[in-house]
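This report is intended for a reader meeting the structure for the first time. Please keep the sequence and the model in view while reading.

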Amino acid sequence: MTTVVFCGYCGKELGEVDHSACAKRLRVIDPPRFCSACARRMVVQVTPSGWTATCSRHGEITSG
């Protein structure tokens, strides 16, 4: 299990700025663009049925 330290939408540290707008975007439609454990940019693929986001170090997450 990885610890969430960085915002998945903007890639900045969680305590650095207010991320309420980022969280809203991630809940509504956007897949995460940055790994929440290391802030690396993720490879994102969006399909009609959902999305996958892959970090080179921490692996893949999916929309469902």
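Over residues 42-63, the chain is 68% strand and 0% helix, and the C-alpha atoms at the two ends of this stretch are 14 Å apart. These values, like those that follow, come from a predicted model. UniProt, in an unreviewed entry, assigns residues 42-63 the feature "domain: Biotin synthase auxiliary protein C-terminal".

Within this stretch, strand 1 covers residues 43-47 and contains Val44. With a relative accessibility of 23%, Val44 counts as partly exposed. Setting aside residues up to four places away in sequence, Val44 touches Pro31, Pro32, Arg33, Thr52 and Ala53. A further relation links Val44 to Cys55: the two are eleven residues apart in sequence, and their C-alpha atoms lie 9.2 Å apart in space.

Strand 3 comprises residues 59-62. Gly64 is located in the segment after strand 3. The relative accessibility of Gly64 is 97%, and the residue counts as exposed. Between the C-alpha atoms of Gly64 and Thr52, which are twelve residues apart along the chain, the separation is 9.0 Å.

The next topic is the largest pocket. Its space amounts to about 190 Å³. The pocket is lined by 14 residues, of which Cys35, Ser36, Ala37, Met42 and Ile61 are the closest to its centre. Strand 3 gives the most to this lining, contributing three residues. Sorted by class, the lining of the largest pocket consists of eight nonpolar residues, five polar residues and one charged residue.

The loop between helix 1 and strand 1 holds Ala39. Most residues other than glycine have a negative phi. Ala39, by contrast, has a positive phi, near 70°, and is not a glycine. Ala39 is partly exposed, its relative accessible area being 22%.

Attention now turns to the earlier part of the chain. Helix 1 spans residues 20-28, and His19 is placed in the segment before this helix. What is the relative accessible area of His19, and is the residue buried or exposed? The relative accessible area of His19 is 10%, and the residue is buried because this value is under the 20% limit. Apart from residues up to four places away in sequence, His19 touches Cys7, Cys10, Lys12, Glu13 and Leu14.

Val5 is also found in the segment before helix 1. Its relative accessibility of 32% places Val5 among the partly exposed residues. When neighbours within four places in sequence are left aside, Val5 is in contact with Glu13, Leu14 and Ser36. Glu13 and Leu14 are also among the residues that His19 touches. Ser36, for its part, is one of the residues named as closest to the centre of the largest pocket. Val5 and Cys35 are 30 residues apart along the chain, yet their C-alpha atoms are separated by 9.1 Å.

Ala21 lies in helix 1. At 54% relative accessibility, Ala21 counts as exposed, because this value is over the 50% limit. Ala21 and Tyr9 are twelve residues apart in sequence, with 9.4 Å between their C-alpha atoms.

The C-alpha separations described above are gathered in the following table.

| Residue pair | Separation in sequence | C-alpha to C-alpha distance |
|---|---|---|
| Val44 and Cys55 | eleven residues | 9.2 Å |
| Val5 and Cys35 | 30 residues | 9.1 Å |
| Ala21 and Tyr9 | twelve residues | 9.4 Å |
| Gly64 and Thr52 | twelve residues | 9.0 Å |

The last topic is charge pairing. How many salt bridges does the structure hold? The structure holds one salt bridge. The partners are the side chains of Asp30 and Arg25, which meet at a distance of 2.6 Å from N to O. The two residues differ in accessibility class: Asp30 is buried, with a relative accessible area of 13%, whereas Arg25 is partly exposed, with a relative accessible area of 41%.

How values were computed. Residues are numbered from 1 along each chain as its sequence is written. This is a predicted model: local features need pLDDT of at least 70, side-chain atom pairs count only at pLDDT 80 or more; totals for chains, interfaces and linings use all residues. Side-chain values use heavy atoms; hydrogens and water are left out. A salt bridge is a side-chain nitrogen of Lys or Arg within 4 Å of a carboxyl oxygen of Asp or Glu. Buried means under 20% relative accessible area, exposed over 50%, partly exposed in between (1.4 Å probe, protein chains only). On a 1 Å grid over the protein atoms alone, a cavity is a set of points where a 1.4 Å probe fits but cannot get out, and a pocket is an open set with protein on both sides within 12 Å along at least five of seven lines; lining residues have an atom within 4 Å of a point. Grid points are joined across faces, edges and corners, and a volume is the space filled by probe spheres set on the points. Helices (H or I, at least four residues) and strands (E, at least two) are DSSP runs, numbered from the N terminus. Ala, Val, Leu, Ile, Met, Phe, Trp, Tyr, Cys and Pro count as nonpolar, Asp, Glu, Lys and Arg as charged, and the others, Gly among them, as polar. Contact means heavy atoms within 4.5 Å. UniProt positions are given in the numbering used here, feature names are shortened, and annotations may be inferred rather than shown by experiment.
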